[in-house]
Amino acid sequence: MSGYRGAIRFFLIVGIVAAGLAGCRLAPDYDDEIVQSLNAATEDTSKFFVKIGNGTSNADYPRREDTYTTLIGKYDALALRLETRAYPKPTLPFVGSRVPVPEQAPSIAPVKKIAEALGQMKKFDQARGVKPLEVAAFRKIFEIETRNALTYENALKRDSK
Amino acid sequence: MAELNIGKLLTDIENAARPILQRDLKSINGFSERQLRDLAAFAAMVATGVATGQISKDAHPFMLQTLEDMTKHFVEVLHGLVVITIEKLINAIIDVAVKAIETASGVALKVA
């Protein structure tokens, strides 16, 4: 019996030491370039929303077409980068079965949604212009989803201070 | 080989885990409050727009689907933040345990 307990204690200690030396990862590494790109896209998109705050007319849509294309391209590229970033599998067996770890970074869907919303707004702008309250609603989508994505990406810094 | 002091180990684990929990829960709480306020503001905006015609009919399906999507994304991000906190807690606790084993065994296991 004491031999059995000794073996359990031995394997427990070996397990803790091995895990401690390896470090447990349940989320991807922080990527400063992703955060910088997201911040830059956020600034450009905010400026665009300020410019069109009073609504748009489809008569002058061609003046905005390039801005839409550039912004959508930035968010599409960001989503691709987020999707291709390495995502860890839990290394500790008891964690894998007890903690429901997301299958991919939860910042991907918000970034895709921003690109989708800008694409939808572009279509309305081209077809009939965008009303002021519609611009406000699209802006709110952009703000909510940006906060979703940035909060998660910044949390990956794992600051302990 | 010295004996592991279980009482001290538990105190050290508690001291390592407490600041992580306090800080992370505070920031998760702040994030949640802000997002819930904005989701409510968006819902109100869409309701007004639909009722008054300030949001055209062709935009209704997109706005309603987006409200659903954003709520789902918010919950997924919350889940992600909690998982990051759990990861920090596991590593902090294991770190304390490894140090205790090092002290008791007199063997340095981690390279600084």
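## Chain B: secondary structure and confidence

Chain B is built with 2 helices and 0 strands, and the reader should keep in mind from the start that this is a predicted model. The predictor's confidence in chain B averages a pLDDT of 92, with 95% of the residues of this chain reaching 70 or more. For the model, the scores are ipTM 0.89 and pTM 0.88.

## Overall shape of chain B

The radius of gyration of chain B is 24 Å, whereas a compact globule of 112 residues would have one near 13 Å. The box that holds the C-alpha atoms of chain B, taken along the principal axes, has sides of roughly 80 × 20 × 20 Å.

How much of chain B counts as buried? Of its 112 residues, 27% do. When one looks at the contacts in chain B between residues at least 6 apart in sequence, 73% of them turn out to join residues at least 24 apart.

## Where chain A touches chain B

Between the two chains, 39 residues of chain A are in contact with 40 residues of chain B. On the chain A side, the elements that give two or more residues are helix H1 (2-22), helix H5 (108-128) and helix H6 (132-155) of chain A, and the largest share, 14 residues, comes from H6(A).

Sorted by class, this side of chain A, the one that touches chain B, has 25 nonpolar residues, together with 5 polar and 9 charged ones.

Terms used
Residues are numbered from 1 along each chain as its sequence is written. Chains are lettered from A and ligands numbered from 1 in the order in which they are written. This is a predicted model: local features need pLDDT of at least 70, side-chain atom pairs count only at pLDDT 80 or more; totals for chains, interfaces and linings use all residues. pLDDT is the predictor's confidence in each residue, from 0 to 100. Two residues are in contact if their C-beta atoms, placed from the backbone, lie within 7 Å. Helices (H or I, at least four residues) and strands (E, at least two) are DSSP runs, numbered from the N terminus. Ala, Val, Leu, Ile, Met, Phe, Trp, Tyr, Cys and Pro count as nonpolar, Asp, Glu, Lys and Arg as charged, and the others, Gly among them, as polar. The radius of gyration is taken over C-alpha atoms; the globule rule is 2.2 Å times the number of residues to the power 0.38. A residue is buried if 20 or more other C-beta atoms lie within 10 Å of its own, exposed if 12 or fewer, and partly exposed in between; C-beta atoms are placed from the backbone.
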